[in-house]
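User: Please examine the fold and the nonpolar interior of this protein chain.

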Amino acid sequence: MGSAPYSAGDWKGKGRGGLQELGCMPWKVSKQKGQDLSSSSSSLSPPAPPQPSATSPSIYHEKQRRELCALHALNNVFQDGTAFSRDTLQEIYQRLSPGTLVTPHKKSMLGNGNYDVNVIMAALQTRGFEAVWWDKRRDVGSIELSNVTGFILNVPSNLRWGPLRLPLKRQHWIGVREVGGVYYNLDSKLRSPQPIGNPDELRKFLRHQLRGKNCELLLVVSEEVEAHQTWRSDGC
């Protein structure tokens, strides 16, 4: 329930309705020019459509349930539906002291979700990882992508009541990571993983998102990478 593995080729033809709910602008993958077939007159039949590789990696994509977007973003970044559970995040929330919070919790005591950045940071630490808050005044070109496990974005998202979209927004967590050499937007509100592309296209995607109002970025890195600050390529 709430999750689905996808082959890296299965995203084709899927809708992007979920992106329209985000406060940040939808990302359009750059198109590559196809081969010009008009000059070939010897072929009497159209070329067969490209087939997905038999070795395409499986992509784990956890779908939205209740207000558990923080849980979905974490599991999608780790590509593991058992990495974290609602009970785990709820236990972390209850353990945190209000005096240590970076921002006030918006999480209800009923365990319905809507966990804030403090729970995400503490959850990552239980697995030997750290969340690095990205200063939007810096260009994402200085991120050493090879040392970053994944990305978690916090973006404004429209509220819905069933099929009705309400004129209200609240913050929403989405996960982004590389699978099989391609970066994917693994937003739990999307119908399927949305390919972003290569490292250059990822940087364009991140710049695009960070230009939006109230959009923030966390880098998910190992404790060792954080200790040596090797998530930075500029060395400063």
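The questions below move from the overall fold to the interior. This is a predicted model, in which local features need pLDDT of at least 70, side-chain atom pairs count only at pLDDT 80 or more, and totals for chains, interfaces and linings use all residues. Residues are numbered from 1 along each chain as its sequence is written, and side-chain values use heavy atoms, with hydrogens and water left out.

User: Which pattern does the protein chain follow along the sequence?
Analyst: Helices (H or I, at least four residues) and strands (E, at least two) are DSSP runs, numbered from the N terminus. The protein chain has 5 helices and 8 strands. Read in order, these give β-β-α-α-α-β-β-β-β-β-α-β-α.

User: What percentage of the 236 residues is buried?
Analyst: A residue is buried at under 20% relative accessible area, with a 1.4 Å probe and protein chains only. By this criterion, the buried share of the protein chain is 43%.

User: Which helix gives the most residues to the largest nonpolar core?
Analyst: A nonpolar core joins buried Ala, Val, Leu, Ile, Met, Phe, Trp, Tyr and Cys residues through side-chain atoms within 4.5 Å. The largest has 26 residues. Elements giving two or more residues include helix 2 (86–95), helix 3 (117–125) and strand 8 (216–222). The most, 7 residues, come from helix 1.

User: Which residues does Ile120 touch?
Analyst: Ile120 is among the residues with the most contacts inside the largest core; contact means heavy atoms within 4.5 Å. Leaving aside residues up to four places away in sequence, Ile120 touches Ala70, Leu74, Ile152, Trp173 and Leu218.

How values were computed. Buried < 20%, exposed > 50% of the residue type's maximum accessible area, 1.4 Å probe, protein only.
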